[in-house]
Amino acid sequence: QVQLVEAGGGLVQAGGSLRLSCAASGGTFSTYDVGWFRRRPGKGREFVGAFKWSGGITLYADSVRGRFTISRDNAQNTGYLQMNSLKPDDTAVYYCAATEGRGLPLSSSSRDYQHWGQGTQVTVSS
């Protein structure tokens, strides 16, 4: 069973930056697609972005495109979500997720991801 652990959440003022990490263990991370999702107060889980296991293909939600950047370091079995120009509306619990990606398109649907971290809280103050 692949295990995912998020880190890097915290309290930041509007306009600031945070970098979240997603450390994986127990599987072959290099062939897994990585997705990021969030749950904002009073709302359901929503897609943030995703990174294909090969080829550098990424997807971003319209709400974060241009502000957030997804990357990965396969040698360290770690994915990253760099968040810049943060807004109060970005306040949420952020989750990383992973799924075996060979032969499949990159997905923005949470139902296509098998493994999930427990989430990390990001709070943006105004």
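Here are three short exercises, with worked solutions, on the strands of this predicted model.

**Exercise 1. Build the open sheet**

Work out the order of the strands in the open sheet of 4 strands, and find which strands are its edges.

*Solution*

Step 1. Begin with strand β8, residues 78–83, and look for its partners. On one side there is strand β3 (residues 18–25), which pairs with β8 in the antiparallel sense over 6 bridges. You can check this pairing at Ser 21, which stands opposite Tyr 80 in β8.

Step 2. Now take strand β7, residues 68–73, which is also joined to β8 by 6 bridges and runs antiparallel to it. Here, a residue pair to look for is Phe 68 opposite Met 83.

Step 3. Put the pieces together: the order is β1-β3-β8-β7, and the pairing is antiparallel. The edge strands are β1 (3–7) and β7, since each pairs on one side only. From one strand to the next, the twist averages 15°.

**Exercise 2. Follow the hairpins**

For each of the hairpins β7 and β8, β4 and β5, and β5 and β6, find how many residues lie between the strands and which turn residue has a positive phi.

*Solution*

Step 1. Between β7 and β8 there are 4 residues, and Asn 77 in the turn has a positive phi of about 55°.

Step 2. Strand β4 (residues 32–39) pairs with β5 in the antiparallel sense over 6 bridges, with Arg 38 and Glu 46 as bridge partners. This hairpin has 5 residues between its strands, and Gly 42 in the turn has a positive phi of about 75°.

Step 3. Next, β5 pairs with strand β6 (residues 58–60), again antiparallel, over 3 bridges. One bridge links Gly 49 to Tyr 60 in β6. Between these strands lie 6 residues, and Gly 55 takes a positive phi near 95°.

**Exercise 3. Judge how enclosed a strand is**

Decide whether strands β8 and β5 are largely enclosed by the rest of the structure, and say why.

*Solution*

Step 1. Choose a test: a residue is buried when its relative accessible area is under 20%.

Step 2. Apply the test to β8. Of its 6 residues, 5 are buried, so β8 is largely enclosed by the rest of the structure.

Step 3. Do likewise for β5, residues 45–51. Here 6 of the 7 residues are buried, and therefore β5 is largely enclosed by the rest of the structure too.

Technical notes. Residues are numbered from 1 along each chain as its sequence is written. This is a predicted model: local features need pLDDT of at least 70, side-chain atom pairs count only at pLDDT 80 or more; totals for chains, interfaces and linings use all residues. Side-chain values use heavy atoms; hydrogens and water are left out. Buried means under 20% relative accessible area, exposed over 50%, partly exposed in between (1.4 Å probe, protein chains only). Helices (H or I, at least four residues) and strands (E, at least two) are DSSP runs, numbered from the N terminus. Two strands pair if DSSP finds at least two bridges between them. Axes are lines fitted to C-alpha atoms, for helices over the stretch in contact, and angles run from 0 to 180 degrees between N-to-C directions.
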